[in-house]
Amino acid sequence: MFLLQLALLLEPSLWRASLASPTDDNALRAGHGEHGEPGHKDHHHKDSYSTFASEFLESRYLSDEGYPFPTAPPVDPFARIKVSDCGITKGCIRYGKPGCDAETCDYFLSFRRIGTDVEFEMSADTDGWVAVGFSSDKKMGGDDVMGCVHDDNGRVRIHHFYNVGQWAKEIKRNPARDEEGIFENNRVTCRFKRPLHVPREETLVDLHLSWYYLFAWGPAIQGSITRHDIDNPPVSDRMISIYKYEDIFMPAAAYQTFSSPFCLLLIVALTFYLLMGTP
């Protein structure tokens, strides 16, 4: 017993070492010297890591599921065109079957003023392209054209064209912005804005003036437009003002047959002939 007490008095480091925990022992080995000085380097490293981890976990890169990894922001779906606003807060032109809307008309166009811009919405029953032209007459040639084209990658892009005779030439200067587009249910649909006023240029028109509107759509090959679907694309009966919101319906050719006065007269004559019988 005496010898044990003597040994502890002579070697105090022995009993200190025997009372140290494994953690303290690791900290001692991580110290700067050989004489048991505290491991300040390891303590500083732990504090730095804790600060970094807490900031990282609290950052905007933390996903909804709680994973500390960056995630791509959700993509907003294409907002459907609201035809209930036609003639009220925006102007609309419908071409096709009576009673059709933006998803069932052969061709649909809407426009509304937003500040210094005009927002256009277009849709057509095609897998290629849909376009609107602004013309000083009712004929194709010398017209400013905005088109939405469905490419081979499934995207719908907004293009600017200028009609040179019967040929649409793409123009590099594109006034469109805030572009949206979708190809769904065999329809090309798009939305974009364009300035109301533009510097005077041959290929661009000022939309604050009234124009005849040319409507066209057709197939595309590798993102390039080809000839429109019908030989005589529809044209507005009168000049359209961007300041006047109307809901204009234009019946497609298949629904114009019996609206002609000559056809109505022919129907009356045939009906009379059938009722009276042959002599």
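This tour goes from the whole chain to its sheets, its nonpolar cores and its aromatic rings.

**Before selecting anything**

The model is a predicted one, in which local features need pLDDT of at least 70 and side-chain atom pairs count only at pLDDT 80 or more, whereas totals for chains, interfaces and linings use all residues. Residues are numbered from 1 along each chain as its sequence is written, and side-chain values use heavy atoms, with hydrogens and water left out.

**The whole chain**

Show the chain as a cartoon, and you should find five helices and 13 strands; these are DSSP runs numbered from the N terminus, with helices being H or I of at least four residues and strands being E of at least two. Of the 279 residues, 32% count as buried, where buried means under 20% relative accessible area, exposed over 50% and partly exposed in between, with a 1.4 Å probe and protein chains only. Switch to a surface, whose accessible area comes to about 18,400 Å², with 58% of it belonging to carbon and sulfur atoms; such areas come from the Shrake-Rupley method with a 1.4 Å probe, and for residues only the protein chains shown count as cover.

**Strand 1 and its partners**

Select residues 91–96, which form strand 1, and note that six of its six residues are buried. Gly91, Ile93 and Tyr95 point one way, while Cys92, Arg94 and Gly96 point the other way. Next add strand 13 (residues 247–251), which runs parallel to strand 1 and is joined to it by five bridges; two strands pair if DSSP finds at least two bridges between them. Cys92 has Asp247 as its bridge partner, and Gly96 stands opposite Pro251. Strand 13 itself has a covered face, Ile248 and Met250, and an uncovered one, Asp247, Phe249 and Pro251. Then add strand 2 (residues 107–114), which is antiparallel to strand 1 and also joined to it by five bridges, with Gly91 standing opposite Phe111.

**The open five-stranded sheet**

Now move to the open sheet whose five strands have the order 7-6-5-4-10, with antiparallel pairing. Its edge strands, which each pair on one side only, are strand 7 (167–170) and strand 10 (212–218). Inside this sheet, select strand 5 (residues 144–150) and strand 6 (residues 156–164), which pair over seven bridges, and look for Cys148, which stands opposite Ile158.

**The nonpolar cores**

A nonpolar core is a set of buried Ala, Val, Leu, Ile, Met, Phe, Trp, Tyr and Cys residues joined through side-chain atoms within 4.5 Å. The largest one has 32 residues, of which Tyr107 and Tyr213 touch the most other members; its largest share, four residues, comes from strand 3 (residues 117–124). Apart from it lies another core, of seven residues, including Ile81, Cys86, Ala102 and Cys105. Centre the view on Tyr213: leaving aside neighbours within four places in sequence, its contacts (heavy atoms within 4.5 Å) include Ile93, Leu109, Phe111, Val132 and Phe134.

**The aromatic rings**

Finally, display the Phe, Tyr and Trp rings, among which there are eight aromatic pairs; rings pair if their centres lie within 6.5 Å (the six-membered ring for Trp), and planes under 30 degrees apart count as stacked, over 60 as edge-to-face and the rest as tilted. Phe120 and Phe134 have ring centres 5.8 Å apart and planes at 50°, so this pair is tilted. Phe120 lies in strand 3 and Phe134 in strand 4 (residues 129–135), so the pair ties together parts that are 14 residues apart in sequence. Both Phe120 and Phe134 are buried, and ring pairs link them with Phe111, Phe192, Tyr213 and Tyr245 into a cluster.
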